[in-house]
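Colleague: I would like to learn how to read a structure like this one, feature by feature. Could you walk me through it?

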Amino acid sequence: MNSFGGLLQTSNLIGGKWRDANDGTTIDVLNPASGVLLGTVPNCGEGETRLAIEAAAEAFADWSRSNMSFRVGLLHKLHDALLDNCEPLAQLLTAEQGKPLAEARGEIAIGAAYIRWFAEEVRRAKGEIVPAPTADRRLMVTRHPVGVVGAITPWNFPSSMLARKLGPALAAGCTVVAKPASATPYSGLAWGKLCQDVGFPEGVVNIVTGSAHAIGGAIMASPDVRKVTFTGSTEIGKVLIRQSADSVKKVSMELGGNAPFIVFDDADLDAAIEGAMISKYRNMGQTCVCTNRFYVQAGIHDKFVARLKDATEALKVGDGSEDGTQQGPMIDEAGVKKVEAMIADATAKGAHIVTGGKRHAKGGTFFEPTVLTGATSDMQFATEEIFGPLSAVFRFEVEDAAITAANATEFGLAAYAYTRDIGRVFRLNDQLEYGLIGINTGLVTTVEAPFGGLKESGMGKEGGSQGLDDYLETKYMCVAGLDG
Ligand code: ADP
């Protein structure tokens, strides 16, 4: 078996020890490109999660009071270890998740960049001395780690989503119990191995795989877990928000999206196509910031569709580990069925398939990158996340109509627009109800800027200086009785 540079860990990291499930049961992890078994991971539940929380709570006492320079030093070592192991980590990621190797390498690199960013950013997490109303007082505002953090991550970015949570948590002085998605647990477990290798103390980082319901339930029920950070579906996010009420936990939620991509008549067509391809087909359309709805103005519509068709047909579909592959398999059969159902729904309501539209000849969960025109607001993908390689193109006439349609969803994560009209750019910034807006670009994520949604796409930010705030409590101390 390929050990991926010794980073394929088939046990869980709890209190500094690699352990199996109490009852010895395991979960199979398959390569979605081949269906071949990659290995197993422990099928842990409530008991093991409680142990992990205890270990994290115990470790918190020292870690939260450790020298900031010590934590920063470890984070820099972790950053370097990630880059030193970029190739085996990327291969492992592709093997369990399916994305093309080039994208997997990019994910490892941005994960490392998040670690370095938060190592730098925590050095600027300043408090305040607030002017006091009376001369005998001094008012101080100070910042402190929130405590044990529960981090639940999805299968589409199993490495970088963990980075965005581990980075700020560890920098701030929090300890972590992480639960990777069952389809892609190895990338998260590899983080555990690297954390251990570079010298993070026992119990600071714990990684538990297994039943989402049982592990999630134990994390949510524990009064010792003071914050939960989750990336996943809006449906599960809502469950976790409800469960957080009993112990009044802080929560950050990165939930679903339904991104509009608006192309105005004055757009640079080459740039719009380049952005469309990146924002639509990255990770086979399986990202929460992937374009869900293309709105294209009447004057440029036909030209845009023709170019999008050509570019979509040129995509090389295959096993992500093969050179030149641009589209891997989808994660599972359920994902494929959802896309098929959306295409059937749309064509029954009058949409026209320009290219693709069905399962790929490669079989398994490979799907043909698809473009469809004549999309209308009563079609399923107008309101639901596609999460697959399907471009749905709507036509519009005037700016106001595009903005209204773009906002007609309960989601508010990412939106994109192509235009060269500077006044319109600021109208879009004012009026689009989205947490991330890309103007003349299809790729906005960067460690320096806050990533996070509005409306039912979530709460809290990851990245940017804001990404650290969620892991810090603010205390105010009033020192009175001083000489005036
Ligand atoms: P997706 O699978 O589309 O990424 P999910 O919200 O189903 O979105 O899963 C995201 C993460 O949440 C995964 O790690 C999954 O195992 C976990 N999860 C699913 N259900 C629960 C639950 N009830 N409690 C806690 N975590 C859950």
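Colleague: Let me start with one cysteine. How does C478 count: buried, partly exposed or exposed?

Modeller: Bear in mind that this is a predicted model. The general idea is to look at relative accessible area, where buried means under 20% and exposed means over 50%. C478 has a relative accessible area of 30%, so C478 is partly exposed.

Colleague: And how does C195 count, buried or exposed?

Modeller: C195 has a relative accessibility of 1%, so C195 counts as buried.

Colleague: With cysteines in view, how many disulfides are there?

Modeller: In general, a disulfide is a covalent bond joining the sulfur atoms of two cysteines. To find one, look for a pair of cysteine sulfur atoms within 2.5 Å. Here the count is zero disulfides. Take C195, which is in no disulfide: the nearest cysteine sulfur belongs to C174 and is 14 Å away.

Colleague: C195 is in helix 6, I see. How do I check the length of helix 6?

Modeller: Use a rise of 1.5 Å a residue. Helix 6 covers residues 185-198, so its 14 residues should span 20 Å, and the end C-alpha atoms are 21 Å apart, which agrees. Helix 4 gives you a second case: with 21 residues, helix 4 reaches 30 Å from its first C-alpha to its last, close to the 30 Å expected.

Colleague: Is helix 6 mostly covered or mostly open, and which residues are buried?

Modeller: Helix 6 is mostly covered, with eleven of its 14 residues buried. Among the buried ones are P185, Y186, L189, W191 and L194. Look also just after helix 6, where G199 takes a positive phi of about 110°.

Colleague: Which residues other than glycine have a positive phi?

Modeller: N283 is one, with phi near 55°. N283 lies in the loop between helix 9 and strand 13, and its relative accessibility of 0% means that N283 counts as buried. K455 is another, with phi near 50°. K455 lies in strand 20 and, at 37% relative accessibility, counts as partly exposed.

Colleague: Now the nonpolar core. Which residues of the largest core touch the most other members?

Modeller: The general idea first: in soluble globular proteins, nonpolar side chains tend to be buried together. In this model the largest nonpolar core has 60 residues, and L78, L82, L170, V176, Y186, W191 and F200 touch the most other members. Helix 4, residues 101-121, gives the most to this core, with nine residues. Another core, of 29 residues, lies apart from it and includes I262, M342, I343 and L428.

Colleague: What does L170 touch?

Modeller: Leaving out residues up to four places away in sequence, L170 touches W63, R71, L75, V176, F200, V204 and V205.

Colleague: And what do the buried residues of helix 4 pack against?

Modeller: They pack against helix 2, helix 3, helix 5, helix 6 and helix 15. The buried residues of helix 4 include I108, Y114, I115, W117 and F118, and also E107 and E121.

Colleague: Last topic, the sheet. What is the order of the seven strands?

Modeller: Reading a sheet means following which strand pairs with which. This open sheet runs 14-15-16-13-12-18-19, with mixed pairing. Strand 14 and strand 19 are the edge strands, each pairing on one side only. From one strand to the next the twist averages 25°. Helix 10, residues 298-313, packs on the sheet and touches strands 12, 13, 14, 15 and 16; the direction of helix 10 makes about 140° with that of strand 13.

Colleague: Which strands pair with strand 16?

Modeller: Strand 13 pairs with strand 16 in the parallel sense over four bridges, and F294 stands opposite V393 in strand 16. Strand 15 and strand 16 are also parallel, over three bridges, with V371 opposite S391. Six of the seven residues of strand 16 are buried, so strand 16 is largely enclosed by the rest of the structure.

Colleague: What is the bridge partner of I262 in strand 18?

Modeller: That partner is A417. Strand 12 and strand 18 pair in the parallel sense over three bridges.

Conventions
Residues numbered from 1 in each chain as written. Predicted model: local features only at pLDDT ≥ 70, side-chain atom pairs only at ≥ 80, totals over all residues. Heavy atoms only, no water. Helix = DSSP H or I, 4+ residues; strand = E, 2+ residues; numbered from the N terminus. Expected span 1.5 Å × (residues − 1). Buried < 20%, exposed > 50% of the residue type's maximum accessible area, 1.4 Å probe, protein only. Pairing = 2+ DSSP bridges. Axes fitted to C-alpha atoms, helices over the stretch in contact; angles between N-to-C directions. Contact = heavy atoms within 4.5 Å. Core = buried A, V, L, I, M, F, W, Y, C linked by side-chain atoms within 4.5 Å.
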